Amino acid sequence: MSTTSSTPTAAEAELAIQARQAAARSQGYWAGVWKRLRRDPVTIVCALVLLAMFLAIVFAPLIAPHDPYQGSMLRRLRPIGTENHILGTDELGRDMLTRLLHGGRLSWFMGITPVFLAFVIGTTLGVLAGFAGGRVNMAIMRATDVFYAFPSVLLAVAISGALGAGIVNAILALTLVFIPPIIRVAESVTTGVRNLDFVDAARASGAGAFTIVRVHVLGNVLGPIFVYATSLISVCMILASGLSFLGLGTRPPEPEWGLMLNTLRTAIYVQPWVAVLPGACIFVTSICFNLLSDGLRQAMDVKG
Amino acid sequence: MFFYLIRRILYAIPIALAVGFVCFMLVQIAPGDPINAIVPADAPGDVVEQVRRDYGLDKPLPVQFGIWLMKVVQGDLGRSLATGRSVWSDLSSAISNTLLLATVASLLGFVLGCILGGLAGTFRGSFIDRAATSIAVAGVSVPHYWLGMVLVVIFSVQLNWLPAMGAGPGGSADWAWDWEHMKHLILPAVTLAVIPMGIVTRTVRGLVAEIMNQEFVTALRGKGLTRGGIFVHVVKNAAPNALAVMGLQLGYLMGGSILVETVFSWPGTGLLLNNAIFQRDLPVLQGTILVLAMFFVALNLLVDLVQTALDPRIKRA
Amino acid sequence: MRLRRFLLTACLAALPALVAATAVQAQGTIRIGMTAADIPLTNGQPDQGFEGNRFTGIPLFDSLTMWDLSSADRPSTVIPGLATEWRVDPNDRTRWIFTLRRGVRFHDGSEFNADAVVWNVRKVLDREAPHFDPRQVGVTATRMPTLRRAEKIDDHTVALFTSEPDSLLPINLTNLFMASPAQWQRFRDANPTAEAAWNAFAREPSGTGPFRMARFVPRERVEYVRNDAYWGDKARAERIVLLPIPEANARTAALLSNQVDWIEAPAPDAIPQLRARGMVITSNAQPHVWPWQPCFVGDSPLRDVRVRQALNLAIDREGLRTLLGGMMAVPVGTVPRGHPWFGNPSFQIRHDKAEARRLLAEAGYGPNRPLTLRVQISASGSGQMQPLPMNEFVQQELRQVGVNVEFDVIEWNALFTNWRNGCQHPSARGAHAINVSFAAMDPFFAMVRFWDSKMAPPVSNNWGHFNDPRFDEMIRVARNSFDAAERDAALARLHAAGVDEALFIWIAHDVAPRAMSPRIRGYVQPQSWFVDLRLPYIQ
């Protein structure tokens, strides 16, 4: 769960290099990235799996065979492969396939929203810190250090534990967890870019700070930060479902993979394969996001 | 370098203070009057007023923080709402249990990660590399509380080989390094070790590959240096970074064991936190988070210092 | 382990010693997995609801009156405990005379007498007493709201005074456990404050109960040994070990991997597996109610009796029983049919969705004006059974008659606190009903605290602010009936009226499932929340 900040210094250094390389990119850069990606079957497969999942959960109401909330006690905890219920039924006799499809919506939402929010906020603060330098940098980065002093799981549990259970509180807590690492990356990339010649040149030619940030800095730093952020999605999904597992996230009867895993725990003696399905969904999604992020990093980084 | 060390140590002080402030704020951000977060709901009015005065809850926030900080520095983390015992008395035994579990798990993860990462880095691009990398990715991607449940079903319930819960036949109070106790440690430690294993594998693989590609290794190899010689060289160069990763992982496991401890009823800080959340026992929540975060700050400092000492090439501005 | 090592030493030392040791071993150590997240308080007034009384109250301490837990076939009744007899003063019906049992000693050797009784009443009711402990008040005073003070008559006789005539006092007194004043005083002399003395006492408690505490590891385990000097029938088990294991699956796994011999409340879905592995599943009717308690004020749609009756009719409780693997009883009121307090209600609680729809339509709800209810529930908690799946089930059932239910899931302790705050308090967050399960073994717990307008928050648990002078009058009559038959008749009228008014949505009775190793013998599961730990032993 703590891949995010295992070696912040190493990751930053690498990303700073990437930024410098990015600065030297020609128009053929994206073509090159695409070309490298196409030759990487693992990344392509992961992207396709995620795309298929995404479409499936977006269109869940259309393709799901049953009502996610309606069940029957008479056909509860049916095994995988039951007629009409390909993936069996849960402890209230609701169709597992339907619940998993609908559950994916909330799980993905809780996995991506905090990272997206943290991406927006963290990039803004990080670029600001990197570009402004001086006291602003000092203030932002020292505040970041404080949150870095908490292991990520602990911080998420602490904040949502204090605020109380609920989706909004969980998202708030997770966003707070992911802002500091993104600030660090954004700041180091921006600092790297800022000192490059073409930014100096732009400044010399009289461009305003805002234009420089918009045209030169953001164009060059968003890519690396984006890649970094995709690697956080997997962590965030596991953390979010972990919060639900502890009773701090989603509330029933909303389907959500972490909560489903929690409520199906008691069925692990009766229908172990049905009971582990939500966990498997989290696992597959998380592993795909991880591999996709690795693939993207390699494709966008010439160093490969 | 000496000045770096001094500065690094001095810098830890404001960080520690700020971490304390964040922990202090946990009770403030809880919904409702903070007084309700620290006295039992059925406490008589005069008790409530007494606590309100003790903690200066009628005074401005900075003053409250000061009062709270003074208490904390003196070792007074408040009282549990649920049991009335001092938070510290429960926390001290829980911390040693978590430290035990986290140390064993991170050692396990470190050893496995080094083996897998070393193999993968040495034989880059081979089948071994792909297998090791897959295990590493799986390790960081698996929801480990789920893995813990699966392990319990297999090894405790079906095979009846290992106990499913607890810290030994007599509880953690008479922990001993004998088989009866150690078998309680196996499942939670393995479950907790998968994440550091994945991370260490990735790091070591990268480090080894990088070192192996360096020109002088190629040169050494050209000179006919034995595998053993190259191995020593690689270890020497990779050790500082790998140790740093492992040190931080210990800290993450200390703070991140809540789910695994819950699954295995391991009587550590994670279970304490879980119970505190479950019973909405904010003094315990706050005290536990504070102590764990302080531990993490100290560990970070230590890792930095050791890393600097081991590898003087690392330049610190 | 330690015992085994001890046995080994004994074996080496002398053969007769071994024989003696195995003879003791034959009675054995019973290891019990509790549902509580922590060991209930051991200071004499346990927390954690009745699971606390069951495991850290009754085994260590005695009360003046006690429950008879020896029979599985009939509802438990109140029997003499540390008091051998009691009567109300015919001239002053707020004054009760209790005659105390002679020759009883606390675990520390000091004598149990009238002074000890007065001391124990003062510990929760007299703010001026040096040993007054505010922390014990909450769990005690609400269970005996009319008790005011105690007075010594002679060494073996005390008088207890109530605020109003209250025939229920002897039943309520089963909740007042007698702790040793001498033991506490010893700790008080060594500690700076009374509170510290109580904390020390909790680590080394001294009562008169059939077990003495031998070992206490906070949050992990507590161990009792048999009190061989017990005044009544002595326990058969040599040693009892209690472990808090709040998670149902962890309890099941602990039993299956032989880490404990007995677990409370196994997960219903694990019961077939437990049976297949030779474990014994016990259950019995229990005075327990798992309801939705309505809010009767403000804009609550549950003010309308037709809506309350409709909800009672809409739920397929047999289906719920299937969900729980058979581990519940179907309620027809707060007490079962045939109980002395059941009475003759005209409204029959049953499953009849058509009638439910009709009543809802009559109350003005239908497809054009759907009814939406907000219910506060917990995700877990002692006595709450399986709150999430059960509430989801009810939600599904009600959807079929056109009622939408929204849940506000909060922590168990918070829910329990809210229960005393009432439905108009901000903590209710606009809920129309609350799902707190309760014990119904005595009239106060079963009915009075919910239906008496004087019991509205913050006094007791009339969460919905129910206020009906008819009910207040019925309760007054019952409290003033000191003749048992007369009192039962009054209570039956009260209960029947409560059912007719559908003052609860009665959903389930728990049957207290337990799973235990086949090696446990002699166990009796009474029709009670409690268990007599003196009876079981291990083979």
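1. Let's start with the place where two domains of chain C meet in this predicted model. Here, 10 residues of domain 2 of chain C are in contact with 10 residues of domain 3 of chain C. On the side of domain 2 of chain C that touches domain 3 of chain C, you will find five nonpolar, four polar and one charged residues. The centres of these two domains, taken over C-alpha atoms, are separated by 31 Å.

2. Where do these domains lie along chain C? Domain 2 of chain C covers 61–182, and domain 3 of chain C covers 288–510. Domain 1 of chain C is written in pieces, as 26–60 + 209–284 + 512–538. When you trace the chain on your screen, try colouring by these bounds.

3. Next, have a look at the sheet in chain C. It is an open sheet of seven strands, and its order is β8-β9-β10-β1-β11-β20-β12, with mixed pairing. Which strands stand at the edges? They are β8 (211–217) and β12 (280–282) of chain C; each has a single partner strand, so one side of each is left without a neighbour in the sheet. From one strand to the next, the twist averages 20°.

4. Stay with one edge of that sheet for a moment. In which sense do β12(C) and β20 of chain C pair? Their pairing is antiparallel and runs over three bridges, with β20 of chain C made of residues 514–516. To find the spot, look for C:T282, which stands opposite C:R514 in β20(C). As general background, strands of a sheet pair through backbone hydrogen bonds, either parallel or antiparallel.

5. Chain B comes next. Its division is into domain 1 (1–74) and domain 2 (88–315). Where these two touch, 16 residues come from domain 1 of chain B and 14 residues from domain 2 of chain B. On the domain 1 side of this contact, α1 (2–29) and α2 (34–38) of chain B each supply at least two residues. Which element gives the most to that side? The answer is α1(B), with 12 residues. The residues of that side of domain 1 of chain B are 14 nonpolar, one polar and one charged.

6. Chain A holds 13 helices and zero strands. Read from the N terminus on, the elements of chain A are therefore α each time, as the run α-α-α-α-α-α-α-α-α-α-α-α-α shows. Of its 304 residues, 57% count as buried. Consider also the contacts in chain A between residues at least 6 apart in sequence: 73% of them join residues at least 24 apart.

7. For a closer view of chain A, pick helix α5 (residues 96–132) and helix α6 (residues 134–148) of chain A. These two pack at an angle of about 145°, with their axes 7 Å apart. Is their crossing left-handed or right-handed? The crossing of α5(A) and α6(A) is left-handed. On the α5(A) side, the contact is made by A:L125, A:L128, A:A129 and A:A132. On the α6(A) side, A:G134, A:V136, A:N137, A:I140 and A:M141 take part. By class, this contact has seven nonpolar, two polar and no charged residues.

8. Finally, chain A also meets chain C. How many residues does each chain bring to this contact? There are 20 residues from chain A and 19 residues from chain C. The side of chain A that touches chain C divides into 11 nonpolar, five polar and four charged residues.

Terms used
Residues are numbered from 1 along each chain as its sequence is written. Chains are lettered from A and ligands numbered from 1 in the order in which they are written. This is a predicted model: local features need pLDDT of at least 70, side-chain atom pairs count only at pLDDT 80 or more; totals for chains, interfaces and linings use all residues. Two strands pair if DSSP finds at least two bridges between them. Helices (H or I, at least four residues) and strands (E, at least two) are DSSP runs, numbered from the N terminus. Axes are lines fitted to C-alpha atoms, for helices over the stretch in contact, and angles run from 0 to 180 degrees between N-to-C directions. Domain bounds come from an automatic or database domain assignment. Two residues are in contact if their C-beta atoms, placed from the backbone, lie within 7 Å. Ala, Val, Leu, Ile, Met, Phe, Trp, Tyr, Cys and Pro count as nonpolar, Asp, Glu, Lys and Arg as charged, and the others, Gly among them, as polar. A residue is buried if 20 or more other C-beta atoms lie within 10 Å of its own, exposed if 12 or fewer, and partly exposed in between; C-beta atoms are placed from the backbone. A crossing is left-handed if the near helix is turned anticlockwise from the far one by less than a right angle, and right-handed if clockwise.
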